[in-house]
Amino acid sequence: MTATTTSALPVNLGDGPFAVSTAGLVKRYGSSTALNGVDLQLPEHAVYVLVGPNGAGKSTLLRTLMGLVRRHAGDVNVLGADPGLEGGHVRGRIGYVPEDHRFGYSWLTVGQLLEHHAVYYPSWDPAYARRLTEMYDVDPDKKCHTLSKGQSRRVQLILALAHRPPLLLLDEPTDGLDHVVRDATLSILSEHLADSPTTVLISTHRVYEVEPLVDHVGVLSDGRLLGQLPRGDLRGSLLRYSADVPERWSLPKEIGGRVVNRRGRAREIEWTVWGDRDEVTRGLSQAGATVREVASLSVDEAAIALFSGEEAGS
Amino acid sequence: MQIHLSRSDERPLYVQIMDGVRRGLVRGTLRPEDPLPSVRDLASELRVNPRTVSQAYAELERDGVVQVRHGKGTFVAPEVRPDQRERPRLAKQVARRALADASRNGLVLEELLEALREIGERESPGDDTKEDGR
């Protein structure tokens, strides 16, 4: 799957303030480029979801923000510091759920691991840690290496949340969780956001699971951001227009440039277009199309339209 | 008061929450002076961003539907008269959705009205299992 889309979507969120920002971020592994000039802008107190196909560079981006991988070019600012220079300091202020379910200290029990973290993080909230442990039904006497994938995820979420960090970086946070625990996790995150002012960056394939929490969306493909914008703007300006069209009809030029995706047969066509709803509808109508429906998209649908938009514009 | 959010719903989440409150007023399950759930509790229940609930409450306050009493919470405004404002408003929203659906199916207003009258007289309300709306 290749995205040949010219970026019809905005990628600049303006002046901030940003809890996290990168400029021209490049990361290579050997001859392959994982991040190819990423300008990430994570507004303070935003809940930002990063979507993209496998291998788009999502996990690499999060690991770079944590200072766990070395970048090749560009600037990175995480809570006012450069994680490449002050990794320990930066990591102390981040709640991180890694993609990997395994623990570095697999011989410890869950209880020992929690105590270890309580010492490391000055802002550790022991009452909150206990409450989360109960809510997640985690056995503190269990050895970390014996935990199932879902149990590990729960422990990782407790570790990330219990020191109430100003920044959460969650890499596939619901991976391995069953439906009940996933819903509980979303409730826990809702309460967490209500109780503590937090900036959140979530990377996930399962956007539909976290979508109700999200207020910003970034679309990453092949190490590049195809779009970065408030959820409300995506809802209001990336729309699917369904229309009946006459024979030998062609799309007006001024709309063609903003088509992200096109689907349809001879007389009934669907376009996903970035632009002002009234303006696009008027343009289509004036060109002789009968617009039947204008629909906004879920973040998933928007991402799929962007990734599969190769035939756009025709 | 029960608020349900639907993924397939076109409306933004804060609008769905606002409409849920309005629906409660029209049906009488929510009355003047009744307390609304706290932002934190409703966000947790619906699993949404608390800011979405705050936004819904703020818009409802601007419309005069609810009152925020500092330190006490959010309440339905004492002077709300659902019959005068909320019923017609809700009716218009339902109509707008029906009209959009008709247009999608290539139907014109007259055909929709005729069908509404016909089935409205014969079928019991609430039976929407015959059509799933999309």
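1. In this predicted model, the buried residues of helix H5 (149-161) of chain A pack against strand S6, helix H3 (110-120), helix H4, strand S7 and helix H6 of chain A. The helix H5(A) is mostly covered, with 11 of its 13 residues buried. Among these buried residues are nonpolar-looking names that a student may expect, including Val155(A), Leu157(A), Ile158(A) and Leu159(A), but the list also includes Gln151(A), Arg153(A), Arg154(A) and Gln156(A). As for its length, the 13 residues of H5(A) should span 18 Å at 1.5 Å a residue, and the end C-alpha atoms are 18 Å apart, which agrees.

2. Strand S7 of chain A, one of the elements that the buried residues of H5(A) pack against, covers residues 167-171, and 5 of its 5 residues are buried. It helps to look at the two faces of this strand separately: Leu167(A), Leu169(A) and Asp171(A) point one way from S7(A), while Leu168(A) and Leu170(A) point the other way, and all are buried. A reader who follows the side chains along the strand will therefore find burial on either face, because a residue counts as buried when 20 or more other C-beta atoms lie within 10 Å of its own, and the residues pointing each way from S7(A) are all buried.

3. Which strands pair with S7(A), and in which direction do they run? Strand S6 (residues 94-97) of chain A is joined to S7(A) by 4 bridges, and the two run parallel; within this pairing, Val97(A) has Leu170(A) as its bridge partner. Strand S8 (residues 199-203) of chain A is joined to S7(A) by 5 bridges, again in a parallel arrangement, and here Leu169(A) stands opposite Leu201(A).

4. The connection from S7(A) to S8(A) deserves a look of its own, since S7(A), helix H6 (residues 179-195) of chain A and S8(A) make a right-handed β-α-β unit. Helix H6(A) has 17 residues and reaches 24 Å from its first C-alpha to its last, close to the 24 Å expected at 1.5 Å a residue. Its buried residues include Val181(A), Arg182(A), Thr185(A), Leu186(A), Leu189(A) and Leu193(A). An α-helix has 3.6 residues a turn, so residues three or four places apart point the same way.

5. What do the buried residues of H6(A) pack against? Within chain A, they pack against helix H4 (126-135), helix H5 (149-161) and helix H7 (207-210), and they also pack against H2 and H3 of chain B.

6. The contact between the chains takes 19 residues from chain A and 17 residues from chain B. On the side of chain B that touches chain A, helix H2 (39-46), helix H3 (50-62) and helix H4 (86-104) of chain B each supply at least two residues, and the largest share, 4 residues, comes from H2(B). Sorted by class, this side of chain B has 7 nonpolar, 4 polar and 6 charged residues.

7. Chain B taken by itself has 5 helices and 2 strands, which follow the pattern α-α-α-β-β-α-α when read along the sequence. Its C-alpha trace spans about 50 × 30 × 25 Å along the principal axes, and 24% of its 134 residues count as buried. Of the contacts in chain B with a separation of 6 or more, 54% are between residues 24 or more positions apart.

8. Returning to chain A, the domain assignment gives domain 1 (18-229) and domain 2 (233-311), and the centres of these two domains, taken over C-alpha atoms, are separated by 35 Å. Their contact takes 13 residues from domain 1 of chain A and 8 residues from domain 2 of chain A. On the domain 1 side, strand S4 (47-51), H7, strand S9 (216-221) and strand S10 (224-230) of chain A each supply at least two residues, and the residues of that side divide into 10 nonpolar, 2 polar and 1 charged.

9. Is Trp271(A) buried or exposed? Trp271(A), which is found in strand S13 (residues 268-274) of chain A, counts as buried because it has 25 C-beta neighbours inside 10 Å, where the cut-off for burial is 20 or more. Leaving aside residues up to four places away in sequence, Trp271(A) touches Tyr241(A), Val259(A) and Arg262(A). Trp271(A) and Ser242(A) are 29 residues apart in sequence, yet they lie 6.7 Å apart in space, C-alpha to C-alpha.

Technical notes. Residues are numbered from 1 along each chain as its sequence is written. Chains are lettered from A and ligands numbered from 1 in the order in which they are written. This is a predicted model: local features need pLDDT of at least 70, side-chain atom pairs count only at pLDDT 80 or more; totals for chains, interfaces and linings use all residues. Two residues are in contact if their C-beta atoms, placed from the backbone, lie within 7 Å. Ala, Val, Leu, Ile, Met, Phe, Trp, Tyr, Cys and Pro count as nonpolar, Asp, Glu, Lys and Arg as charged, and the others, Gly among them, as polar. A residue is buried if 20 or more other C-beta atoms lie within 10 Å of its own, exposed if 12 or fewer, and partly exposed in between; C-beta atoms are placed from the backbone. Two strands pair if DSSP finds at least two bridges between them. A crossover is right-handed if, with the strands pointing away from the viewer, the path from the first strand over the helix to the second runs clockwise. The expected span of a helix is 1.5 Å times one less than its number of residues. Domain bounds come from an automatic or database domain assignment.
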